[in-house]
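Work through the following exercises with the sequence and the model side by side, trying each task before reading its solution.

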Amino acid sequence: MNIQCTAVALLPPPEFLVRLTAPGRRPPQAGHILCELAARHRGDHAMLLWEDDARRVAVWARWDGRRATLAELAWCAATDTRTGDACGLFAGHPAAHDWDVTDPTLAAVDAVLAGERPHPGPYDGGG
């Protein structure tokens, strides 16, 4: 397994959205983006922003240390031979497919939860 890249950036809203904000309304705020690629990948960092299933593309934020861009990219065509799951990254992405990438934050949460509840069972509504 590969660990997920931990690069984070602040993505300001596109200028045209700020200009379209109605007078007296709060303009869109900047948001943090987190790289979804495997650690030590080459090239830009990338995070999925939204999908267009009808056209089989998605809009990705891509960034390096200096600037961020939005890119409409086709999906990776690879499927996991063990599960049949499609890769959730863009076509031509560097490094591993998403099924071989472990999010370190989710892995840490899973480890804590496994310690509290080592034998997961059906949801019982308890805390």
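**Exercise 1. Identify which residues form one aromatic cluster, and describe the pairs within it.**

Solution. The cluster consists of Trp60, Trp75 and Phe90. This is a predicted model, in which local features need pLDDT of at least 70 and side-chain atom pairs count only at pLDDT 80 or more, whereas totals for chains, interfaces and linings use all residues. Residues are numbered from 1 along each chain as its sequence is written, and side-chain values use heavy atoms, with hydrogens and water left out.

Step 1 is the rule: rings of Phe, Tyr and Trp (its six-membered ring) pair if their centres lie within 6.5 Å, and planes under 30 degrees apart count as stacked, over 60 as edge-to-face and the rest as tilted. Applying this rule gives 2 aromatic pairs.

Step 2 takes Trp60 with Trp75, an edge-to-face pair with 6.4 Å from centre to centre and 75 degrees between the planes. This pair links distant parts of the chain, since Trp60 belongs to strand β5 (residues 57-63) and Trp75 to the loop between β6 (68-74) and β7 (101-102), 15 residues apart. Helices (H or I, at least four residues) and strands (E, at least two) are DSSP runs, numbered from the N terminus.

Step 3 takes Trp60 with Phe90, whose ring centres are 5.2 Å apart and whose planes stand at 75 degrees, so this pair is also edge-to-face. Because Trp60 lies in strand β5 and Phe90 in the loop between β6 and β7, the pair ties together parts that are 30 residues apart in sequence.

Step 4 adds the accessibility, for which buried means under 20% relative accessible area, exposed over 50% and partly exposed in between (1.4 Å probe, protein chains only). Trp60 counts as buried because its relative accessibility is 0%, and Phe90 is buried as well, while Trp75 is partly exposed at 21%.

**Exercise 2. Work out how many residues of β5 are buried, and which way their side chains point.**

Solution. Begin with the count: 7 of the 7 residues in β5 are buried. Next, sort the side chains by direction, which puts Val57, Val59, Ala61 and Trp63 on one side and Ala58, Trp60 and Arg62 on the other. In a regular strand the side chains alternate between the two faces of the sheet.

A useful contrast comes from β2 (8-11), where Ala9 and Leu11 point to one face and are buried, while Val8 and Leu10 point to the other and are not.

**Exercise 3. Find the strands that pair with β5 and give the sense of each pairing.**

Solution. Two strands are said to pair if DSSP finds at least two bridges between them. On one side, strand β4 (residues 45-52) pairs with β5 in the antiparallel sense over 7 bridges, and Glu51 stands opposite Ala58 in β5. The hairpin of β4 and β5 has 4 residues between the strands, and in this hairpin Arg56 takes a positive phi near 60 degrees.

Then turn to β6, which runs antiparallel to β5 and is joined to it by 7 bridges. Val57 has Ala74 in β6 as its bridge partner, and a hairpin of 4 residues joins β5 to β6.

**Exercise 4. Determine which element gives the largest share of the largest nonpolar core, and examine Leu37 as one of its members.**

Solution. A nonpolar core is a set of buried Ala, Val, Leu, Ile, Met, Phe, Trp, Tyr and Cys residues joined through side-chain atoms within 4.5 Å. The largest such core has 21 residues, and those that touch the most other members are Ile33, Cys35, Leu37, Trp60, Trp63 and Phe90. The elements giving two or more residues to this core are β2, β4, β5 and β6, and the largest share, 4 residues, comes from β5.

Leu37 is placed in the loop between β3 and β4, and it is buried, with a relative accessible area of 0%. Leaving aside residues up to four places away in sequence, Leu37 touches several residues, among them Cys5, Ala46, Leu89, Phe90 and Val101, where contact means heavy atoms within 4.5 Å.
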